[in-house]
Amino acid sequence: MIKALLSIPMCIATCYALFNLSFKAVAFFSATKTHPVYHIQDSKEVLKILLFDLLLVAVFVLQHSLMSSRVYKDLIGSRLGFLQRSIYTLLSCITLQFLFENWKTVCGWDIWFWDLRDSPVTSLFFSLVHTVAWCVLALEHALLEPFYLIGMKQVYYRLWGEVSPWQYMSRRLQSLITHMPHPGILCFLILLWVYPHMSLDRWLVSTLLTWYTCIGLGQVTNKDYIYTEEQSKVRITTSSRCVVT
């Protein structure tokens, strides 16, 4: 009964956190600097900033990994029941937003920097790449049970007295969600690395998130890739028929 009463506010909080986080993420990963920074920080200050940023990433990785581990799901997640995914999503949003809001930038220590003020073509290139990457990333998430991934579907089914939506999924879809809960990996890597200003702190977060993402990719099987390709063809065919009709 208590879980049922908490489920609706939990879903509202999760949706709000995701909506707010999406804007924060776009600003964090895609906002470009048009003016070069002439202030150069000393090496000790740079080291302190990088260690602080490393700690922020570590907090997110630990939270994300711990709450998706089998040990957590068996010991704590089973007690949360149908609210497990919503709580997981909400806490992930909170830790990511904390990272975005407290991130410190290293000035004057750049791996590469393109001044976009005198190059409108280059500026347009980066803008188009990031726009397309965000759109494809959102589309891929929309095609892979988005309401289940954020926990809303579990709450809806529980309130209507249905069994878990997991039971209605095919085994191939269950395998895909288990092995790859976050689609659009290539688009995410493009957002990390195709960027005009690669400062040391940007390089740090790009390297760490690339490493963390690639670890998760190691779980994806060849059957998952085949299933994804089949479903993409089916959805494209269905969309084409709808457009023609």
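A residue counts as exposed when its relative accessible area is over 50%, and as buried when that area is under 20%. In the predicted model described here, Trp 160 has a relative accessibility of 62% and is therefore classed as exposed. Trp 160 is located in the loop that runs between H7 and helix H8 (171-179). Together with Ile 8, Ile 12, Tyr 156 and Leu 159, Trp 160 makes up a nonpolar surface patch whose combined accessible area is about 600 Å². At least two residues of the patch come from H1, and at least two from helix H7 (152-159).

The chain as a whole contains eleven helices and two strands. Read from the N terminus, the order of elements is α-α-α-α-β-α-α-α-α-α-β-α-α. The chain has 245 residues, of which 34% are buried. About 15,100 Å² of the chain is exposed, and 69% of this area is supplied by carbon and sulfur atoms. When contacts between residues at least 6 apart in sequence are considered, 83% of them join residues at least 24 apart.

The interior includes a largest nonpolar core of 28 residues, in which Phe 29, Leu 99, Phe 100, Trp 103 and Leu 209 have the most contacts. Two or more residues of this core are contributed by each of helix H1 (2-30), helix H2 (43-67), helix H4 (84-102), helix H9 (185-193) and helix H10 (200-217). H1 gives the largest share, seven residues. Beyond residues up to four places away in sequence, Leu 209 touches Phe 29, Phe 60, Phe 188 and Leu 192. A second core, separate from this one, has ten residues, including Tyr 148, Leu 149, Ile 177 and Val 220.

Two of the helices were examined for length and burial. H2 has 25 residues, which at 1.5 Å a residue should span 36 Å; the C-alpha atoms at its ends are 36 Å apart, in agreement with that value. The buried residues of H2 include Val 46, Ile 49, Leu 56, Val 57, Phe 60, Val 61 and Met 67, and also Asp 53, Gln 63 and His 64. Helix H5 (residues 120-143) comprises 24 residues and extends 34 Å between its first and last C-alpha, close to the expected 34 Å. In H5 the buried residues are Phe 126, His 130, Ala 133 and Leu 137. Glu 145, just after H5, adopts a positive phi of about 45°.

Glu 145 is also one of the contacts of Lys 153, a residue of helix H7. Apart from neighbours within four places in sequence, Lys 153 is in contact with Glu 145, Phe 147, Tyr 148 and Pro 165. The C-alpha atoms of Lys 153 and Pro 165 are 7.0 Å apart, while the two residues are twelve apart in sequence. Lys 153 is classed as partly exposed because its relative accessibility is 23%.

Side chains of opposite charge can pair when their charged atoms come close. The structure holds one salt bridge. This bridge joins Lys 24 and Glu 101, with 3.4 Å between the closest N and O atoms. Lys 24 belongs to helix H1 and Glu 101 to helix H4, so the pair ties together parts that are 77 residues apart in sequence. Lys 24 is partly exposed, at a relative accessible area of 30%, and Glu 101 is also partly exposed, at 48%.

Key
Residues are numbered from 1 along each chain as its sequence is written. This is a predicted model: local features need pLDDT of at least 70, side-chain atom pairs count only at pLDDT 80 or more; totals for chains, interfaces and linings use all residues. Side-chain values use heavy atoms; hydrogens and water are left out. A nonpolar core is a set of buried Ala, Val, Leu, Ile, Met, Phe, Trp, Tyr and Cys residues joined through side-chain atoms within 4.5 Å. Buried means under 20% relative accessible area, exposed over 50%, partly exposed in between (1.4 Å probe, protein chains only). Helices (H or I, at least four residues) and strands (E, at least two) are DSSP runs, numbered from the N terminus. Contact means heavy atoms within 4.5 Å. Patches are made of residues with over 30% relative accessible area and no salt bridge: like charges are joined within 9 Å, nonpolar side chains (Val, Leu, Ile, Met, Phe, Trp, Tyr) within 5 Å. Accessible areas come from the Shrake-Rupley method with a 1.4 Å probe; for residues, only the protein chains shown count as cover. A salt bridge is a side-chain nitrogen of Lys or Arg within 4 Å of a carboxyl oxygen of Asp or Glu. The expected span of a helix is 1.5 Å times one less than its number of residues.
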